[in-house]
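Visitor: I'd like to learn how to read a ligand site and the pockets around it. Could you walk me through one?

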Amino acid sequence: MTSAAPADTTVGFVGLGHMGGPMAANLVKAGYRVVGFDLAPAALEQAVKDGASVADSSDAAVADADIVITMLPSGKHVIDLYNGGLLAAAKPGTLFIDSSTIDVADAKTAADLAHKAGHRAVDAPVSGGVAGAAAGTLAFMVGGSAEDFESAKPLLDVMGAKVVHCGDNGVGQAAKICNNMVLGISMIAISEAFVLGEKLGLSNQAFFDVASNASGQCWSLTSYCPVPGPVPTSPANNDYEPGFATALMDKDLGLAANALRANGVDGQLGLHAAEIYNRFKQENGGKDFSAIVTEIRNRSGESA
Ligand code: NAD
């Protein structure tokens with residue numbers, strides 16, 4: 001089915017928000033017939049400007065689809081839609097690709113529901129943010145059978161620069177939350193080191209110059225440095241405008257914490273990082289997640 005030319009493939013796209021909107025637009029540009037739906041009228045208007053057709057319900061958007069992509073806020077949204085008529089509205093054997101970031105358990109439930117309804121299903125969460133969605137350079141982490149992965153891949157290649165088959169249904173989400181758990185922990189670690197260095201009379205630039213060439217080197221330091229200066233493109237140089245918002249990091253760490261607990265993993269740093277970001281989110285959800293360094297500095301009081 002997906003080996004057909006894009007113009008012969010109809011994609012039902014549900015959830016045309018910050019991520020889904022530009023992803024759908026890239027499919028249109030590549031020649032796919034896209035029928036979209038979103039609850040927000042502004043998202044529908046943008047989709048029309050981008051050359052997609054829009055439907056007046058999610059069920060109508062998927063009725064003629066060969067492939068359905070969902071890009072929704074949470075697992076509850078995905079499962080409620082799947083149970084609420086979306087699966088029943090689709091043609092038998094439709095491939096459902098859920099690219100939302102959701103709980104591993106919810107991803108497995110969603111795939112089970114799709115299979116029981118006679119469809120095919122993969123979880124294909126992304127990293128790369130809104131900029132990656134617009135540029136078609138997302139990274140996709142895919143969970144599902146090898147056959148369904150191969151069917152999904154031509155579309156994912158249009159929307160992304162890197163597409164990895166991680167394993168069975170749910171394992172794409174597992175890759176996403178494991179990666180973002182490392183990211184949350186490493187950002188806190190780097191931020192604590194900067195603030196400790198400041199207390200000890202070590203300049204931010206000197207710490208950067210040492211650690212970026214030593215064993216403390218990591219992405220949170222060298223690509224996304226949480227203090228202004230050393231990496232000019234990092235959000236720290238732009239008053240912590242996201243980037244990757246704290247609210248999204250809080251969500252992903254919450255999913256990681258759920259998975260740690262559900263699987264009996266002694267993930268003390270993952271659980272603690274989830275608590276730290278959850279507290280920070282209460283008043284700073286819209287700031288970039290690297291602003292956690294300001295919180296650590298504020299809670300550390302005046303220099304000794
Ligand atoms: P968003 O809130 O901008 O978009 C979600 C869209 O879903 C909204 O437009 C909303 O109206 C729509 N929606 C909700 N319920 C619906 C329903 N029943 N029917 C149709 N439409 C419905 O969120 P986003 O930033 O696009 O994120 C989408 C997903 O991608 C989330 O799971 C998020 O965690 C994940 N993600 C986001 C980013 C990012 O940087 N924004 C990066 C990676 C992953």
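Visitor: Let's begin with polar contacts: how many Å from an oxygen atom of the ligand does a backbone N or O atom of Thr-101 lie?

Guide: Keep in mind that this is a predicted model. For a polar contact, look for N or O atoms within 3.5 Å of each other. Here, the distance from a backbone N or O atom of Thr-101 to a ligand oxygen is 3.0 Å. Leu-72 has a polar backbone atom 2.8 Å from an oxygen of the ligand, and for Pro-73 a backbone N or O atom is 3.4 Å from a ligand oxygen.

Visitor: And how much of the ligand's accessible area does the protein cover?

Guide: Take the ligand on its own and ask what the protein hides. Alone, the ligand has 830 Å² of accessible area, and the protein covers 84% of that.

Visitor: Which elements give two or more residues to the shell around the ligand?

Guide: Helix 4 (75-89), helix 6 (129-135) and helix 11 (246-262) do. The shell counts 22 residues, of which His-18, Met-19, Asp-38, Leu-72 and Lys-251 come nearest. Sort the shell by class and you get 12 nonpolar, seven polar and three charged residues.

Visitor: Which pocket does the ligand sit in?

Guide: The ligand is found in the largest pocket, whose volume is about 1000 Å³. Its lining has 37 residues, and Met-19, Gly-129, Lys-176, Phe-244 and Leu-248 are the closest to the pocket's centre.

Visitor: Which helix gives the most to that lining of the largest pocket?

Guide: Helix 8 does, with six residues. At least two residues each come from strand 7 (126-127), helix 6, helix 8 (171-199), helix 10 (219-222) and helix 11. As for class, the lining of the largest pocket has 18 nonpolar, 15 polar and four charged residues.

Visitor: What is the volume of the second largest pocket?

Guide: About 190 Å³. Read its lining the way we read the other one. Among the residues that line the second largest pocket are Val-14, Phe-37, Ser-58, His-77 and Asp-80. Leu-72 and Pro-73 belong to this lining too, and you've met both through their backbone contacts with ligand oxygens. Asp-38 is also in the lining of the second largest pocket, and Asp-38 is one of the residues that come nearest the ligand.

Visitor: Which helix gives the most to the lining of the second largest pocket?

Guide: That's helix 4, with three residues. By class, this lining splits into six nonpolar, three polar and two charged residues.

Technical notes:
Residues numbered from 1 in each chain as written. Predicted model: local features only at pLDDT ≥ 70, side-chain atom pairs only at ≥ 80, totals over all residues. Heavy atoms only, no water. Near = heavy atom within 4 Å. Polar contact = N/O pair within 3.5 Å; in protein donor to acceptor, adjacent residues only side chain to side chain. Areas by Shrake-Rupley, 256 points an atom, 1.4 Å probe, with all protein chains shown as cover. 1 Å grid on protein atoms, 1.4 Å probe; cavity = no way out; pocket = protein on both sides within 12 Å on 5 of 7 lines; lining within 4 Å. Sits in = over half its atoms within 2 Å of the grid points. Helix = DSSP H or I, 4+ residues; strand = E, 2+ residues; numbered from the N terminus. Nonpolar A, V, L, I, M, F, W, Y, C, P; charged D, E, K, R; others polar. Points joined across faces, edges and corners; volume = space filled by probe spheres on them.
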